Every structure is written in structure tokens, then in C-alpha cells.
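I opened this notebook to keep track of what I looked up in one chain, going from strand pairing to packing and then to single residues. The entries follow the order in which I checked things.

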Amino acid sequence: MTASSIVQTFNSLKPNQRVRITSKGPMESMKHATLRVGRRSYSKKYGVEKLPLINPRNPNGVRYFLYKRGEDVTLAHGDMAACLVDIQPE
């Protein structure tokens, strides 16, 4: 998936929508997860848009977060960085 298509997908996500992400983390190889989108927030001071992704099977567990800085979308699993390979809305 290209960077521009990931940004377009990020912009189109709505709360409570389900998405399927493919990621690579520092402690694991490819991981697939189906998650629910949370409420979007924006920091004016730092210019960062944040979108939490919640596991519907364990809503109180560690969350994924999508961050958009300018035209770059990054992924975090809790407070640890992860590499976003693909994101598909369901």
C-alpha cells in the first residue's frame, strides 16, 4: 500500500468502524488484527491527529494508535512503535 492511499484511508475512517490492519513490530513478524476505530483527537500545539484502534475482543487491553503528522501516517502498539504495512476498512 502506498503512503498516499494510507493517508486517504486514515482520513475516511469513522468512529466504531471496523478495520483490518497488517503490522510488523519489533518483537514479532507480520501480525493481522481486526480492530474498531475510536474517537479522533487533534493536538493544535504539535499538529498531530490521533486515532485509537480498540480490540473488540479485549476492549480494556493495550490499544493500537494511528498518528498523522502532516502527510505521514504512523502506527503504535501501546507506547511501542510498529510498522504499518496495510490497512483495510471493512
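I began with the hairpin that β1 and β2 form, which has two residues between its strands. This is a predicted model, and I read every entry below with that in mind. β1 and β2 pair in the antiparallel sense, and I found eight bridges between them. As a register check I looked up Thr22, whose bridge partner in β2 is His32.

I then followed β2, residues 28–37, to its pairing with β4, where two bridges join the strands and the sense is again antiparallel. The bridge partner of Val37 in β4 is Leu53, a residue that I met again when I turned to the core.

Next I went back to β1, which spans residues 18–25, and found that it also pairs with β7, residues 80–89, through six bridges in the antiparallel sense. Here Val19 has Pro89 of β7 as its bridge partner.

β7 in turn is joined to β6, residues 72–77, by three bridges, and these two strands run antiparallel as well. They form a hairpin with two residues between them, and I noted that Gly78 in the turn has a positive phi of about 70°. At this hairpin His77 stands opposite Met80 in β7.

With the pairings written down, I checked the overall inventory, which is one helix and seven strands. Read along the sequence, the pattern is α-β-β-β-β-β-β-β, so the helix comes ahead of the strands in this numbering from the N terminus.

For overall dimensions I looked up the radius of gyration, which is 12 Å; a compact globule of 90 residues would have a value near 12 Å, so the chain agrees with that expectation. The C-alpha atoms fill a box of roughly 30 × 25 × 25 Å along the principal axes. Buried residues make up 36% of the 90 residues. Among contacts with a separation of 6 or more, 38% are between residues 24 or more positions apart. The chain exposes about 5,700 Å², and carbon and sulfur atoms supply 51% of that area.

I then asked myself which residues have the most contacts inside the largest nonpolar core. That core has 18 residues, and the answer is Val19, Ile21, Leu53 and Leu66. The elements that give two or more residues to this core are α1, β1, β2, β4, β5, β6 and β7. In soluble globular proteins, nonpolar side chains tend to be buried together.

Taking Leu66 from that set, I listed its contacts beyond four places in sequence, and they include Phe10, Leu13, Leu51, Leu53, Val73, Leu75, Leu84 and Ile87. The list is not purely nonpolar, since Glu49, Lys50 and Thr74 also touch Leu66.

The helix α1, residues 3–12, was my next stop, and its buried residues are Ser5, Ile6, Val7, Thr9 and Phe10. These buried residues pack against β4, β5, β6 and β7. I looked more closely at Thr9, which lies in α1 and counts as buried because its relative accessibility is 10%, under the cut-off of 20%. Beyond four places in sequence, Thr9 touches Met1, Ile87 and Pro89; Pro89 is the residue that I had already noted as the bridge partner of Val19.

Glu49, one of the contacts of Leu66, sent me to the charged pairs, and I found that the structure holds one salt bridge. It is formed by the side chains of Glu49 and Arg40, at 2.9 Å from N to O. Are the two partners buried or partly exposed? Glu49 is buried, with a relative accessible area of 17%, whereas Arg40 is partly exposed at 30%.

My last entry concerns Gly61, which lies in the loop between β4 and β5. With 24% relative accessibility, Gly61 counts as partly exposed. I also checked its separation from Ser23, a residue 38 places away along the chain, and the C-alpha atoms of the two are 18 Å apart.

Note on methods. Residues numbered from 1 in each chain as written. Predicted model: local features only at pLDDT ≥ 70, side-chain atom pairs only at ≥ 80, totals over all residues. Heavy atoms only, no water. Pairing = 2+ DSSP bridges. Helix = DSSP H or I, 4+ residues; strand = E, 2+ residues; numbered from the N terminus. Core = buried A, V, L, I, M, F, W, Y, C linked by side-chain atoms within 4.5 Å. Buried < 20%, exposed > 50% of the residue type's maximum accessible area, 1.4 Å probe, protein only. Contact = heavy atoms within 4.5 Å. Rg over C-alpha atoms; globule rule 2.2 N^0.38 Å. Areas by Shrake-Rupley, 256 points an atom, 1.4 Å probe, with all protein chains shown as cover. Salt bridge = Lys/Arg side-chain N within 4 Å of Asp/Glu carboxyl O.
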